[in-house]
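Welcome, and take a moment to look around before reading on. The notes below walk through the structure one topic at a time.

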Amino acid sequence: MRHARRTARRITRLAAVGGLLCGSLLVTRAIANEPGTSAPPVPVGERLVAQLGAARTAGSWLGADGRTVVAVTDAGAAADVRRAGARAEVVRHSMRDLRSAAATLRAAPRVSGTAWSMDYGSNEVVVRADSTVSAGDWSRLAGVARTIGASVRMERTRGTFTTRVDGASPIFASGGRCSAGFDVTDGRDAFLLTAGHCGPVGTTWFARPGDATALGTTVSGTFPGNDFSLVRYDDGVPRAQSDVVAIGGGRGVRITGAADPVVGQRVFRSGSTTGLHSGRVTGLNATVNYPEGTVTGLVQTTVCAEPGDSGGPLFADGLALGLTSGGNGNCDAGGTTFFQPVAAAMTALGVRLTGTSGDDDAEAGAGSGQARPGGDVAPSAPPAGSEAGAPGGGGTGTGVGTGTNMGGATDTGDGTASGTGTGADTGPVAAISRVVVSTRSVGPGLLVIGGSLIALVAARSMRSSRRGRGAW
């Protein structure tokens, strides 16, 4: 009998130790690909633009090879740029000229369905008008452009510029639904950051339609003008793993900070309507004249979006970049999507990303097109290459509430994402795999470890009990 008890205890101990090893392996695999602590490259372009001034430069961007390009207006500035290790491109119009052109357009009578942004690569302010703009309004706007001169280019575009109400991992209100963006905090309370057009102050949000318990209430926000709002969680606690953007399949991207995006940078957007898609940043400080009003200071991209994606997160390299605002087109034909910069929204609201310190808050850039995660560094160069579809399947709703209903995405070369999903781990998911964590493995791993520890304690208790009875 004594031998049988000893054998049982040994088996219990061995099983517990095995459980600890298995649980540890699950957790280790879940966090093995979290981003490292090495800092991205220093923003050479932003520093050069600030040093040389708005009269001698016209912005900076990432070239196709990932190298920083700075637009300059004279040979001396070009030499300074080359000595700093960047590539110089001599242009006709300075940043001062481009800003003056944009100011003249803003001062003109407002035309709904139009948008403009600074295209650093072409050295122009590009004005776009959607299908709702009448011939008369187009003619009048073209007249304003002619008075400005060659620094303005006019274009017609397909579809209509609309806000993308209805959203990512959806949050529901009486007026419809929107997307959760990023979890933030003011150091005391927990909040959800989303688009401002989703609902005014006082809007009550629910995690599912018909829920009796509210998720939170909008306590601050701005639209039009800007496009962001702050939802205070009713229980004061954000969702589990609030620093993770879920991308479907039980996986997510760890968000370690915030930044302003770079022109030419490859970026990713998550939304429940269209899933995970990627594209490129094509302009900064964009102005969009939505039917509801004008929004300025937006990021212009080739990432597709559709109604149902509003408020969803824009991110890259583990950095929060923006909140989905609106655009035109769809994820079959492609289109243009605009985003509210997340760093500017957090500064205005006095909050920071959950899981970061106050010292790590991102600072807004100086309009040069260079990002500043953590205040003074820029994201790494965008990866090259085409993409196949992303895996299908519904999102989990974990992390920041951006669980995705994954659709496939194929990079068409200009950064637009379209197509249907496949089961392969390629495409946008593969491109961001180095910062992907498995949200499904962490929970089971911790449960296995906990159960194993209980078994070890029980085995030790059995041994102590036998000693007290003189059995050992």
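## A network of charges

Glu-124, Arg-128, Arg-153 and Glu-155 are linked in a network of salt bridges. This is a predicted model, so please read each value here as computed from the predicted atoms. Within the network, the side chains of Arg-153 and Glu-155 meet with N and O 3.0 Å apart. How buried or exposed are these two residues? Arg-153 is partly exposed, with a relative accessible area of 26%, and Glu-155 is partly exposed as well, also with a value of 26%. Partly exposed covers the range between under 20%, which is buried, and over 50%, which is exposed.

## Salt bridges elsewhere

The count of salt bridges comes to 10. One of them joins Asp-74 to Arg-56, with 2.9 Å from N to O. This pair links distant parts of the chain, 18 residues apart. Asp-74 sits in the loop between β2 (68-72) and α3 (75-83), while Arg-56 sits in the loop between α2 (44-52) and β1 (57-62). Asp-74 has a relative accessibility of 24% and therefore counts as partly exposed. Arg-56, at 29%, counts as partly exposed too.

Another salt bridge to look for is the one between Asp-309 and Arg-269, where the closest N and O atoms are 3.4 Å apart. Here the partners are 40 residues apart: Asp-309 is in the loop between β20 (293-301) and β21 (313-316), and Arg-269 is in strand β18 (residues 266-271). Are these two partners buried or exposed? Both Asp-309 and Arg-269 are buried.

## The protein as a whole

Stepping back, you can find 8 helices and 27 strands in the protein. The protein has 472 residues, and 51% of them count as buried. Its accessible surface comes to about 19,000 Å², and carbon and sulfur atoms hold 53% of that area.

How much of the contact pattern comes from residues 24 or more positions apart? Among contacts with a separation of 6 or more, such residues account for 66%.

## An open sheet of strands

Now turn to one of the places where strands come together. An open sheet is formed by 6 strands, in the order β12-β13-β14-β11-β10-β24, and the pairing is antiparallel. Which strands stand at the edges? They are β12 (204-205) and β24 (352-353). Each has a single partner strand, so one side of each is left without a neighbour in the sheet.

Inside this sheet, β10 and β11 appear next to each other in the order. Strand β10 (residues 182-185) and strand β11 (residues 190-194) run antiparallel and are joined by 4 bridges. To follow the pairing at the level of residues, start from Phe-182: its bridge partner in β11 is Leu-193.

## Aromatic pairs

How many aromatic pairs does the count give? It comes to 3. One is made by Phe-223 and Tyr-290, whose ring centres are 6.4 Å apart with the planes at 40°, so this pair is tilted. Phe-223 lies in the loop between β13 (216-222) and β14 (228-233), and Tyr-290 lies in strand β19 (residues 275-290), 67 residues apart. The two rings have unlike surroundings: Phe-223, at 23% relative accessibility, counts as partly exposed, whereas Tyr-290, at 0%, counts as buried.

Phe-268 and Phe-315 form an aromatic pair that is stacked, with 6.2 Å centre to centre and 25° between the planes. Phe-268 is in strand β18 and Phe-315 is in strand β21, so the pair ties together parts that are 47 residues apart in sequence. Both Phe-268 and Phe-315 are buried. Strand β18 is also where Arg-269 of the buried salt bridge is found.

## A closer look at Ser-94

Finally, look for Ser-94 in the loop between β3 (87-90) and α4 (95-107). Its relative accessible area is 6%, so Ser-94 is buried. Which residues does Ser-94 touch, leaving aside residues up to four places away in sequence? They are Ala-54, Ala-55, Thr-57, Ala-58 and Thr-73. For Ala-58, the C-alpha to C-alpha distance from Ser-94 is 4.7 Å in space, although the two residues are 36 residues apart in sequence.

How values were computed
Residues are numbered from 1 along each chain as its sequence is written. This is a predicted model: local features need pLDDT of at least 70, side-chain atom pairs count only at pLDDT 80 or more; totals for chains, interfaces and linings use all residues. Side-chain values use heavy atoms; hydrogens and water are left out. A salt bridge is a side-chain nitrogen of Lys or Arg within 4 Å of a carboxyl oxygen of Asp or Glu. Helices (H or I, at least four residues) and strands (E, at least two) are DSSP runs, numbered from the N terminus. Buried means under 20% relative accessible area, exposed over 50%, partly exposed in between (1.4 Å probe, protein chains only). Contact means heavy atoms within 4.5 Å. Accessible areas come from the Shrake-Rupley method with a 1.4 Å probe; for residues, only the protein chains shown count as cover. Two strands pair if DSSP finds at least two bridges between them. Rings of Phe, Tyr and Trp (its six-membered ring) pair if their centres lie within 6.5 Å; planes under 30 degrees apart count as stacked, over 60 as edge-to-face and the rest as tilted.
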